[in-house]
Amino acid sequence: MTTSLGRIVAVVPAFEEEAAVGGVIRGIHAFDRRIDVVVVDDGSADGTAAAAEAAGAAVVRLPFNLGIGATVQTGFRYALERGYDTAVRLDGDGQHDPAELGKLLAELEAGTADVVTGSRFVAGDRDYRPPLARRIGITWFARLVSLLTRQRVTDTTSGFQALNRRGIALFAAEYPSDYPEVEATVLVLKHKLRLKEVPVRMLEREHGTSSITFVRSIYYVLKVTLALLVAMGRRYTLPSEEVARP
């Protein structure tokens, strides 16, 4: 990887991921040792923070569990305040393959996007088989967001991303809470940032289980659909040029 992307930080949100987070960090360093890693520990009661530090990451510990939105936003504030030019986000459960980072970073390096999302569906990947309820939700949100924003998107629930300085500034200033990725996609496009999806392979979770059950999936679909409709009616201010300047 060239140095045209400047200083790069990997933001890794984690909650109760003691068994997986070390492998995520080692995978990032195996891809490129020059990438700094910050793990934002969302009030874990296990050894997540200790495992992250042992693997060579900086750790920001939240005082109690604030949820994925606040955890991710904390990571991007860390990136902005420390002057990083580029940030990548990988979840702490090991489902995002660090070996795929080159695909995301290549688009930033080419100057074709401000935010690049790793998509499981943009190339019609037939290997990824989520549970039925999740598959329905993913399809619904992809079609709804595409309709609302007039830009085709295929994977609005992916948290595997790379961002330039403009994207970092946006997510440091404002990031949705609860189940944030779908709303964050709309946020990017409403702020007129350039969003691009690239095909990636994602890994199966090796440790722990997903917190999203069938009942929570239904609740999630209804809640986020309402939030999207409200978001489309909001007026946004573009990120400050002084803050967001590459």
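With a relative accessible area of 39%, R194 counts as partly exposed, a class that lies between buried (under 20%) and exposed (over 50%), computed with a 1.4 Å probe on protein chains only. The model is a predicted one, in which local features require pLDDT of at least 70 and side-chain atom pairs pLDDT 80 or more, while totals for chains, interfaces and linings use all residues. Residues are numbered from 1 along each chain as its sequence is written, and side-chain values rest on heavy atoms, with hydrogens and water left out.

## Overall description

The chain has 246 residues, and 52% of them are buried. Its secondary structure consists of nine helices and seven strands, taken as DSSP runs (helices H or I with at least four residues, strands E with at least two) and numbered from the N terminus. Among contacts (heavy atoms within 4.5 Å) with a separation of 6 or more, 77% join residues 24 or more positions apart. The accessible surface amounts to about 11800 Å², and carbon and sulfur atoms contribute 54% of this area. These areas follow the Shrake-Rupley method with a 1.4 Å probe.

## Salt bridges

Side chains of opposite charge can pair when their charged atoms come close. The criterion applied here is a side-chain nitrogen of Lys or Arg within 4 Å of a carboxyl oxygen of Asp or Glu, and it yields 11 salt bridges.

D114 and R194 form one of these bridges, with 3.2 Å between the closest N and O atoms. The two partners are 80 residues apart and belong to distant parts of the chain: D114 is in the loop between α4 (101-110) and β5 (115-119), and R194 is in the loop between α7 and β7 (195-199). The partners also fall into separate accessibility classes, as D114 is buried at 2% and R194 is partly exposed at 39%.

In a second bridge, E181 meets R89 at an N to O distance of 2.9 Å. Since E181 belongs to helix α7 (residues 181-190) and R89 to strand β4 (residues 86-89), this pair ties together parts that are 92 residues apart in sequence. E181 is buried, with a relative accessible area of 13%, and R89 is buried as well, at 1%. R89 and E181 also take part, with D91, in a network of salt bridges.

A third bridge joins the side chains of E53 and R61, with N to O at 3.0 Å. Here E53 is partly exposed at 41%, and R61 is partly exposed at 49%.

## Packing of helices α3 and α6

Two packed helices are described by the angle between their axes and the distance between the axes. For helix α3 (residues 68-81) and helix α6 (residues 165-173), the angle is about 130° and the axes are 8 Å apart. Axes are lines fitted to the C-alpha atoms of the stretch in contact, and angles between N-to-C directions run from 0 to 180 degrees. The two helices are therefore oblique to each other, the class left over once roughly parallel (under 35 degrees), roughly perpendicular (65 to 115) and roughly antiparallel (over 145) are assigned. From α3, the residues Q73, F76, R77, A79 and L80 make the contact; from α6, the residues R165, I168, A169, F171, A172 and A173 do so.

L170 also lies in helix α6 and is buried, at 3% relative accessibility. The C-alpha atoms of L170 and Q73 are 9.6 Å apart in space, although the two residues are 97 positions apart in sequence.

## Individual residues

T117 is located in strand β5 and is buried, with a relative accessible area of 5%. Beyond its neighbours within four places in sequence, T117 contacts D155, S158, F160, Q161, L195, K196, E197 and V198.

Two residues other than glycine have a positive phi. For R150 the value is about 60°, and this residue sits in the loop between α5 (132-149) and β6 (161-163). For K192 phi is near 65°, and K192 is placed in the loop between α7 and β7.

The accessibilities of four residues treated in the last two sections are listed below.

| Residue | Relative accessible area and class |
|---|---|
| R150 | 80%, exposed |
| K192 | 64%, exposed |
| T117 | 5%, buried |
| L170 | 3%, buried |
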